[in-house]
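Student: Could you take me through the aromatic rings in this model, one pair at a time? I'd like a close look at how they are arranged and whether they are buried or exposed.

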Amino acid sequence: MSAPCPVVGLITIGQSPRVDVVPDMAEVIGPGVEIREAGALDGLGRPQIDALGPGPGDEILVTRLADGSPVFVAKRHVTARVQAKIADLERGGATLTVLLCTGAFGHLAASRPLLQPQPVLLGVLRGMRWPGRLGVLTPSVPHVPQSEARWRADGFDPVVVPLSPYEEEDPAALARAADLLRSARAGLVVLDCMGFRRETRNELQDLTGAPVLLANLLVARVIAEVCGA
């Protein structure tokens, strides 16, 4: 029997390929599913990318360029580009498209199944109970107020701590984040960015003693289930 979605399109808001996270996701998804990547910033030079940066009042997103460098963009500037990549991947044969961003994008048009991480995270968390508060690791200090507001609007009492997924190999930064989560009595932690890695999840669990949800692997498990992999 053929897989229900033999071709999965992964869309980053940065540039593809996402060699930092997609290999780990592919391992979870398993063989028999072809993965194709696209990026909202593919083909753009640095001046064009800089023009998409956030201004006052913009919702901030952080992503990764092909050279490995992080970049901040405004959600309003990249939404149409994400939408275009969904259409491109579907025209190319993708039977499922997946957004590689935990930001709340709302309705995106698709003619075939589309998976967005943010509603997946919400659904899982709303089906769980844990002692203490919800710990949220957000990608930067500027993300903290918008992340706090979003998680509170979704009905949670979060303690939001900044840590860049692109600087996560700094043991001191990770230790500081873990100290803040412990002192706030976080009983469950969610890594609220698709750029965080398995190693960070494991280290944070050891440092806090709390379970940690890694968004990209959680989404990969959903992809595997949808695809019958």
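Tutor: Happy to! A residue is buried when its relative accessible area is under 20%, exposed when over 50%, and partly exposed in between (1.4 Å probe, protein chains only). By that cut-off Phe156 is buried, since its relative accessible area is 13%. Keep in mind that this is a predicted model, in which local features need pLDDT of at least 70, side-chain atom pairs count only at pLDDT 80 or more, and totals for chains, interfaces and linings use all residues. Residues are numbered from 1 along each chain as its sequence is written, and side-chain values use heavy atoms, without hydrogens or water.

Phe156 is a good place to start, as it takes part in a stacked pair with Trp130 and in an edge-to-face pair with Trp151. The structure holds 2 aromatic pairs; rings of Phe, Tyr and Trp (its six-membered ring) pair if their centres lie within 6.5 Å, with planes under 30 degrees apart called stacked, over 60 edge-to-face and the rest tilted.

For Trp130 and Phe156, the centres are 6.4 Å apart and the planes meet at 10°. This pair joins distant parts of the chain, 26 residues apart: Trp130 sits in the loop between helix 4 (117–126) and strand 7 (133–138), while Phe156 sits in the loop between helix 5 and strand 8 (158–162). Helices (H or I, at least four residues) and strands (E, at least two) are DSSP runs, numbered from the N terminus. Trp130 is buried, as is Phe156.

Turning to Trp151 and Phe156, their centres are 5.6 Å apart, with 70° between the planes. Trp151 counts as buried because its relative accessibility is 2%. Together, the ring pairs link Trp130, Trp151 and Phe156 into a cluster.
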